[in-house]
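Good morning, everyone, and thank you for making time for this. I would like to walk you slowly through one structure, so please keep the sequence and the picture in view while I talk.

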Amino acid sequence: MSDTPVSGSNFIRTMIAQDIENGKHGGRVGTRFPPEPNGYLHVGHTKSICLNFGIAEQFGGTCNLRFDDTNPEKESIEYINAIKRDVEWLGFQWNEEHYASDYFGQLYDYALELIDKGLAYVDSQSADDIRVNRGTLTEPGKPSPNRERSVEENRSLFEAMKAGKFADGEVVLRAKIDMGSPQMCMRDPVLYRVRHVHHHRTGDQWCIYPMYDFTHCISDAIEGITHSLCTLEFEDNRVLYDWILANISIPHKSEQTEFARLQLEYAMTSKRKLKTLVDEQIVAGWDDPRMPTVAGMRRKGYPPAAIRDFCERIGVTKKNAWISMGQLEFSVREALNDSAARRMAVLKPLKVKLTNLGKAIEIEQSNHPKDPEMGKRTLQLSDEIYIEQDDFALEPPPKFKRLIEGGEVRLRGAYVIRCDKVVTDNGVPVELECSVDLDTLGKNPEGRKVKGVIHWVDAKTGVAAEIREYGLLFNEANPAKVELEQAINPASLVIYQGFVEPAAAMATPETQFQFERTGYYVADQHDHQPEKPVFNLTVGLRDSFGI
RNA sequence: AGGGCUGUAGCCAAGUGGUUAAGGCACCGGAUUUUGAUUCCGGCAUGCGUAGGUUCGAGUCCUACCAGCCCUGCCA
C-alpha cells in the first residue's frame, strides 16, 4: 500500500497503511459506520461514511453498517430505513448490517463478567446524587455508598434489574473505576439504566438498556472491527473504551481513532435542531432541499459523486475546521458540468415578437457543448419567444452585453436579433419587437461583432414551469451560535413561474439539467410532472458579471 | 487535581531534521468561447500561533507562553 494516492492521504490512512505493514490485526481492515437511528443523515455524516467505506475499499477490507440503537425513546424504524436508503444512494454497500440491540444478550453477559470481577456495581443513588457525587472538573468525586456491595449482592441486584424489579431510574449499573480520575468518564460511568419502554427491534424483551460507552466498544469487538473511527468529542471516552475491552474476556480488541467532524458554513449539523425544523414545519420535511440532510441534498439535485468528491477534497484531520459552502458547491458544479444535459429555461419571462421571422423553424441543438455523445434535440423557434427580463435593459449598466434598445444580441443556438421597439408599462418593459437577421444561423453576421448571447424559450412550444430557487436556510455562518429562529433566513425559497423548453419538461423526476446561463436544476423528486414541470435550483453557474 | 485535543495563506490541507513550504477552494490577471459557463495559461506564505533554545541545518526536536475546541447525561 505504498502507492496510496497523495490526494487521499490523511493521518488515518497513513496509520492504517502502517498497521497493515506491521501485520497488526493480521493485516486485515474492518470499519463500520455506526449511526443512531434518531434522525436523518446529514452532510456531517457523509464525511464519516466516505471515510469508513472508503478506507475499507482502499485497503481491501470491509465496512459494516451498524445501528447504535440503545436508546429506544428517541429511535425508530423510519430513521433506520431512511439511513439505509441514504447510504445506498451515496453509492456505498455495507458488508454486514448489524444492530447494537442484536448484542443485548452478550452485552448483559459481559456486564455480569465485570460484576464477577468486582469491576461493576449496582448503585441505588438517585440521578441527582450521582451527579453531585461525581465532583467537578477540578474536584474529585465521592464514592457511592453502594460502591462496596458484594459480588453476590450486585449479581442478584443486576438480575433483578433485568427482571423488571426496579422502576425507571431507581438503580443503575456502574463500572468501578476511579472516582478521583481527572477524566470525568472514568468516575464510575453508568453502564446500564432501567427503562420500561418498547424497543423498535427487541420489543418488550428488555427493560434495561446499555449505555453508549459500554455498547460501542463491545459491538466493535464482536464484529472484529479493527479501526473504530469516530469524532473528536469521543477522545476522552477512548480511555474507557480501552478499559472495558481490557477487562472483559473478548478476544478481539478494536482501536478507536478520532477525527474532526465536518463543520459546514451556513449548515446545521445537529440532528436535534434539524428535527425541530421539521417538527415546527419551518421546512417541508427532512428532505426539504434547504436541509443539509442527505435526503435534502438529493432532492436539491446534488449528485452523490459530488458529495463523495467533496469529502475527498476537505481531508481528514484532528483540527476543528469550518468548510465554506463554496467548497461543496464547487464539487457539485464540477460533477454536473460533465453530466448534466443543457436546456433552456426562462425564469422571469419577457415576451419578444420576432417581426420578420415568418413561419416557425426547427433548430438542432446539441445537449452538451463538449460531449457529442449526449446527442441533440430539436428546438422550435416561432415568432413569439420569451427571454429573461434581466437580459434586456432600458438603461444598461457598464459592460452590459445583452439586449438594449436598438442593439443586437444572439439567441443561443439561433439567430442574431435586433431590438426595434420596446413596449413599456409605467416605464417597465413588457414586450419587445425585434427583427431577425436571417443570415446568422450558424455563422457570424457580416461586418460587425455581436458579443452577447442570451437564452430563450419558444412561446408556442414552451411549457409553463414552476422553478424553485432554494437559497441558504440560515443567515448565520454558524447557525448553532444563535437562537434557531434568529438564524433562519426568511427568504430561503423564491418561486418563479417561468417557461422551459419541451425537452426539459418531459424529463423524469430527479433528472438533472443545466439551464444555460442560469444554473443547474433538477426535476423535483416528488412534484415534477411533464405537463406541470417543477424544477429545483441545485446550484447557480459561476457568474463573473453578477447583475 | 483538572484532564483530553488542536494551531501551516481569506477557507481547507500536504509536510515524519536536509533543494526554493505540495495540492485544492476563493480571489486577481490574460487566452479561447454562439453559456459573462466550461477549458487553458499565469499570479497568489522570505514563512508554519508567539518567544526563547538544541542543531552545520527546525514547520518538523526541547522549554515556556498565547489562542481555540471538547469533557461534570441514567444522550450518542
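Let me begin with a term: a cavity, as I use the word here, is a set of grid points where a 1.4 Å probe fits but cannot get out. Please also keep in mind throughout that what we are looking at is a predicted model.

With that term in hand, how many cavities of 30 Å³ or more does a search of the whole structure find? The search finds one, and the volume of the largest cavity is about 50 Å³. Its lining is made by Tyr-212, Asp-213, His-216, Asn-237, Leu-240, Tyr-241 and Gln-256. The elements that give two or more residues to this lining are helix 7, which covers 212-222, and helix 8, which covers 238-247, and of the contributors it is helix 7 that gives the most, with three residues. If we sort the lining of the largest cavity by class, we get three nonpolar residues, three polar ones and one charged one.

Let us turn now to the RNA. There are 71 residues around RNA strand B, and among these Thr-70, Lys-319, Arg-342, Lys-370 and Gln-514 come nearest. When we ask which part of the strand faces the protein, sugar and phosphate account for 64% of the atoms of RNA strand B that come within 4 Å of the protein. By class, the surface near RNA strand B has 24 nonpolar, 23 polar and 24 charged residues. Several elements each supply at least two residues of that surface, namely helix 5 (127-133), strand 6 (190-194), helix 11 (304-314), strand 11 (322-323) and helix 12 (325-339).

Some individual distances make this part of the picture more concrete. In the side chain of Asp-68, an N or O atom is 3.3 Å from a sugar or linking oxygen of RNA strand B, while for Asn-71 a polar side-chain atom lies 2.9 Å from a sugar or linking oxygen of the strand. With Gln-327 the partner is a base nitrogen of RNA strand B, which is 3.3 Å from an N or O atom in the side chain of that residue.

Since helix 5 has already been mentioned, let us look at one residue in it, Arg-131. Is Arg-131 buried or partly exposed? Arg-131 counts as partly exposed, because its relative accessible area is 48%. Its side chain makes a polar contact of 2.9 Å with the side chain of Asp-128. Arg-131 and Gln-93 are 38 residues apart along the chain, and their C-alpha atoms are separated by 42 Å.

Please hold on to that spacing of 38 residues for a moment, and go with me to Ile-387, which lies in strand 17, residues 384-388. Ile-387 and Pro-349 are also 38 residues apart in sequence, yet from C-alpha to C-alpha they are 5.6 Å apart in space. Ile-387 counts as buried because its relative accessibility is 0%.

Another residue in a strand is Glu-408, which belongs to strand 20, residues 408-411. Glu-408 counts as buried because its relative accessibility is 18%, and buried means under 20%. A polar contact of 2.7 Å joins its side chain to that of Arg-448.

Next comes helix 4, which runs over residues 104-116, has 13 residues, and reaches 18 Å from its first C-alpha to its last, close to the 18 Å expected at 1.5 Å a residue. Many of its side chains can be found in the list of buried residues, which consists of Phe-104, Leu-107, Tyr-108, Tyr-110, Ala-111, Leu-112, Glu-113, Leu-114 and Ile-115. Just after helix 4, Gly-118 takes a positive phi of about 75°.

A positive phi also turns up at residues other than glycine. His-25, in the loop between helix 1 (11-21) and strand 1 (30-33), has a positive phi of about 55°, and His-25 counts as partly exposed because its relative accessible area is 21%. Asp-188, in the loop between strand 5 (172-175) and strand 6, has a phi near 50°. Is Asp-188 buried or exposed? Asp-188 is buried, since its relative accessible area is 0%.

That is where I will stop, and I am glad to take your questions.

Conventions: Residues are numbered from 1 along each chain as its sequence is written. Chains are lettered from A and ligands numbered from 1 in the order in which they are written. This is a predicted model: local features need pLDDT of at least 70, side-chain atom pairs count only at pLDDT 80 or more; totals for chains, interfaces and linings use all residues. Side-chain values use heavy atoms; hydrogens and water are left out. Helices (H or I, at least four residues) and strands (E, at least two) are DSSP runs, numbered from the N terminus. The expected span of a helix is 1.5 Å times one less than its number of residues. Buried means under 20% relative accessible area, exposed over 50%, partly exposed in between (1.4 Å probe, protein chains only). A residue is near a molecule or strand if one of its heavy atoms lies within 4 Å of it. A polar contact is a pair of N or O atoms within 3.5 Å; within protein, one must be able to donate a hydrogen and the other to accept it, and residues adjacent in sequence count only if both atoms are side-chain atoms. Ala, Val, Leu, Ile, Met, Phe, Trp, Tyr, Cys and Pro count as nonpolar, Asp, Glu, Lys and Arg as charged, and the others, Gly among them, as polar. On a 1 Å grid over the protein atoms alone, a cavity is a set of points where a 1.4 Å probe fits but cannot get out, and a pocket is an open set with protein on both sides within 12 Å along at least five of seven lines; lining residues have an atom within 4 Å of a point. Grid points are joined across faces, edges and corners, and a volume is the space filled by probe spheres set on the points.
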